[in-house]
Amino acid sequence: MSETTELSAEELRQACDPARFTFRSTEELASLEEIIGQERALRAIDFGIDIPTPGYHMYALGPGGTGKTTTVRKFLAHAAAARPIPDDWLYVHNFAEPDKPRALHLPAGVGCRLQADMDHLVDELRGEVPRAFESDEYEHQQEQLTTELQRRHQEMIQEANAFAQQQGFVIMQTPQGLMIAPMANGGMMSPEQIQQLDDDTRHRLEAGHDDVQAKLRETMRRMQQLHQEARARAGELDRQTVAYAVGHLIDDLRERYRDHAPVVRLLDDIRADILENVAAFRQIRQVEEMREEQAPFAAMLGRELPNFDKYRVNLVVNNCDTRGAPVILARNPSYQNLIGRIEYQGQLGTLVTNFTMIKGGLLHKANGGYLMLDARDVLTRPAAWEGLKRALRTQVVEIESMAEAVGVAPFATRTLDPEPIPLDVKVVLIGDPMLYYLLFFYDPDFRELFKVKVDFALHMARTVETTAQYARFIATVCREEQLPHFDPSGVARVVEHGARLVEHRDKLVTKFGDIVDLVRESAYWARKAGRALVTGADVTRAIEEKVYRSDQIQQLIKEAIAQGSLLIDTAGASVGQTNGLSVIALGDYAFGRPTRITASVHVGDEGVLNIDREIALGGKIHNKGALILAGYLGATYATEVPLALSARITFEQTYEEVEGDSASSAELYTLLSALAGFPIRQDVAVTGSVNQHGQVQAIGGVNEKIEGFFDVCRANGLTGSQGVLIPRSNVQNLMLRPDVVDAVREGRFHIYPVATIDDGIALLTGTPAGARRPDGGYPEGTVNGAVHRRLGELARKARAFFKPEERRKAA
């Protein structure tokens, strides 16, 4: 018999004693302010925050629910509070190059005030300028200019007419303009009178006509100059009027912002532009009085309002209410939301834009602070990843359309080329480990830009200190969500579940999202039961109810086994047949199930063939485990003679891919049983991987596997002999259900840890494994001796079958 000692009930579960807690309710505990179980990640965050060198952005990786986002945001908020408030950023009209808006930065809060002041300036311009043109003073000066123009115009006409009369002509005004006609006897000569003149008189009149015509041309030239002078004087009057109307407004602003040179320059440009566009200001009243349906066509009618937008400012980054550096958590990091965008509006059938339609992105808002992004979201938004990398690499934010960014312009539209804004931001990507390693190996830019790896752990050591922190964490959740508090038994049950989730009796899970869910659900069942405090029974109820909501497939499998549709024996013994154990994961729920493994052996030289592998139902890891079996057989039994046999191994009644090597020891036990002829106990299921030296290795899901076979045995009736064979190295991972522990304590179920195949085969067959003798053989009456003898027989039969001439033919 095997010397393998079964585990005691105390070794199957590391219980948390409620008596160790000194509180009566978690309400007595202080809230948990620190982050627990993530020392490595916290040091990395500190490093990433403090190092100022470009390229040291952070990638926080770890399983979902480990608190990556919460932890990072908390640390960033703490660091941001001690940093200066970044500047406001504005876009203003570029009067020299209107298609290239200028970027201005001002101290935090100044940009907000400037925007309000410029909006007020525009409102004043709309009212003050028209009122100035309607003032009595302006009308008086304009009337003086008109009177003087008319007087000088009349004097020029009279002077020209006097000269014409001296030459015998008169200048007459007609609808067609000024006309010269000869005079006789104080009146204008008719064509008949002109024809009756002698030749000398006619020639004299023609010469005089030329002189009068020259005088008239000179007069017309002087009148044109007069009109130009009048227009210039009228324009100067308009400019003086406007300058007087707006001068004090702009001067007040210049004085208010005298310490900000870019604003003073902007105000000077605005003053100059206003004075250059006085004519448009004069037409404000006329355009405003036009009917609504005519207003869009004002420009076509020669009446157009001034472009007041160019006197405003576009505040793209407003830090007026910011305290410290900004910490921005992106919800939808599309390209335009990251980089910014230029909007358009329809006008008379075309798209138009200006600098006031420039919208800042997340990088603008986070400038001078921190930006948190979900890695998967950024990578799945078109052009967002490339846009982010370009901004971080060049350290500027350059707003352009996504089509321009990727080099594709769907249609030609006049657009803007805003001045790029310098970028000083620390970016934190949050994602899973797979994305991190894919980016690291396949994107060279990633390695250069995200040099700080913030690796969140899935578990932490289970100590007195961390157990107390678990209790404070529960207290914090109860306070924040106004849930009933927990008594010591409730806290103890949560701690035990934390160890179960991480599959280690000496560790606790740091995937606190799952713990929060358990606290919420336990509080629900406590309220349902009318209890003021959540007890261990409520936590157990929450766990059981969650299992019940998810275990329908497991129950169907149990029914199939009970009805005999799935062949599983839980009593007796069989040659070449073992109950292996596997885990089925269905989303957030995993359970163990037994599977029959069978083996057959016959004469041949094909070696050990795994049927699942041959028909491509075996995964890569499973296939590796199957090949190890042949290595073990050769190293153990064929050191002197060749290994000559044909064997078939398969998982019965499996119709999906078989993956993993956790059943490789069960396959080996089955094969050894088939070779030795010793029956294997069917009341003991087996799990564990094996190496070529016969050492049984740890596997995952050990708790689910044990519980899966226990449930099947209990359904068929516990006999007191049933149990599970597990790797000895998995004992530390045991956190079994209380009902399994109770069954072991009562002697109705058994857990056997083994370190080698020899240990396991001895327990399963009830026959000693047998140690190798110096001559390479094994003792009689042992499993290894029987296997060694059978392999020798198979080799002799193979040699006897293959005659020399047949061997040459086969070769």
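Helices H24 and H28 lie roughly perpendicular to each other. In this predicted model, the two helices, H24 with residues 664-676 and H28 with residues 783-801, pack at an angle of about 65°, and their axes are 8 Å apart. Because angles of 65 to 115 degrees count as roughly perpendicular, the value of about 65° places this pair in that class. The crossing is left-handed. On the H24 side, the contact is made by Leu672, Ala674, Leu675 and Ala676, while H28 brings Val783, Ala786, Val787, Arg790, Leu791 and Leu794. Sorted by class, the contact of H24 with H28 has 9 nonpolar residues, no polar ones and 1 charged residue.

A second helix pair invites a look alongside this one. Helix H25 covers residues 702-716 and helix H26 covers residues 738-745, and the two pack at an angle of about 65° with their axes 11 Å apart. H25 and H26 are therefore roughly perpendicular to each other, and their crossing is left-handed. From H25, the residues Ile706, Glu707, Phe710 and Arg714 take part in the contact, and from H26 the residues Asp739, Val740 and Ala743. The residues in this contact of H25 with H26 divide into 4 nonpolar, no polar and 3 charged.

Attention now turns to the sheets. An open sheet of 5 strands follows the order E8-E13-E16-E1-E17, with parallel pairing. Which strands stand at its edges? They are E8 (327-329) and E17 (452-455); each has a single partner strand, so one side of each is left without a neighbour in the sheet. From one strand to the next, the twist averages 20°. Within this sheet, strand E13 (residues 370-374) pairs with strand E16 (residues 426-431) in the parallel sense over 5 bridges. Leucine 371 has valine 427 of E16 as its bridge partner. Helix H15, made of residues 433-442, packs on the sheet and touches E1 (58-61), E16 and E17; the direction of H15 makes about 140° with that of E1.

Strand E16 repays a closer look. This strand is mostly covered, with 6 of its 6 residues buried. Lys426, Val428 and Ile430 point one way from E16, whereas Val427, Leu429 and Gly431 point the other way, and all are buried. E16 is also joined to E1 by 4 bridges, and these two strands run parallel.

One residue of E1 helps to make this arrangement concrete. Leucine 61 lies in strand E1 and stands opposite glycine 431 in E16. Is leucine 61 buried or exposed? Its relative accessible area is 1%, and because buried means under 20% relative accessible area, leucine 61 is buried. Leaving aside residues up to four places away in sequence, leucine 61 touches Lys68, Gly431, Asp432, Pro433, Tyr436, Tyr437, Lys453, Val454, Asp455 and Phe456. Leucine 114 is 53 residues away from leucine 61 along the chain, and the C-alpha atoms of the two are separated by 43 Å.

Another open sheet has 3 strands in the order E3-E2-E7, and here the pairing is antiparallel. Strand E3 (102-106) and strand E7 (313-317) stand at the edges with a single partner strand each, so one side of each is left without a neighbour in the sheet. The twist averages 30° from one strand to the next. Strand E2, residues 88-92, pairs with E3 in the antiparallel sense over 5 bridges. One example is tryptophan 89, whose bridge partner in E3 is histidine 105. Helix H7 (residues 261-276) packs on this sheet, touching E2, E3 and E7, and the direction of H7 makes about 135° with that of E3.

The last stop is serine 646, found in strand E24, which spans residues 646-651. Serine 646 is buried, with a relative accessible area of 1%. What does serine 646 touch, not counting residues up to four places away in sequence? The contacts are Ser600, Val601, His602, Val603, Gly604, Asp605, Glu606 and Gly607.

Definitions and conventions
Residues are numbered from 1 along each chain as its sequence is written. This is a predicted model: local features need pLDDT of at least 70, side-chain atom pairs count only at pLDDT 80 or more; totals for chains, interfaces and linings use all residues. Side-chain values use heavy atoms; hydrogens and water are left out. Buried means under 20% relative accessible area, exposed over 50%, partly exposed in between (1.4 Å probe, protein chains only). Contact means heavy atoms within 4.5 Å. Axes are lines fitted to C-alpha atoms, for helices over the stretch in contact, and angles run from 0 to 180 degrees between N-to-C directions. Angles under 35 degrees count as roughly parallel, over 145 as roughly antiparallel, 65 to 115 as roughly perpendicular and the rest as oblique. A crossing is left-handed if the near helix is turned anticlockwise from the far one by less than a right angle, and right-handed if clockwise. Ala, Val, Leu, Ile, Met, Phe, Trp, Tyr, Cys and Pro count as nonpolar, Asp, Glu, Lys and Arg as charged, and the others, Gly among them, as polar. Two strands pair if DSSP finds at least two bridges between them.
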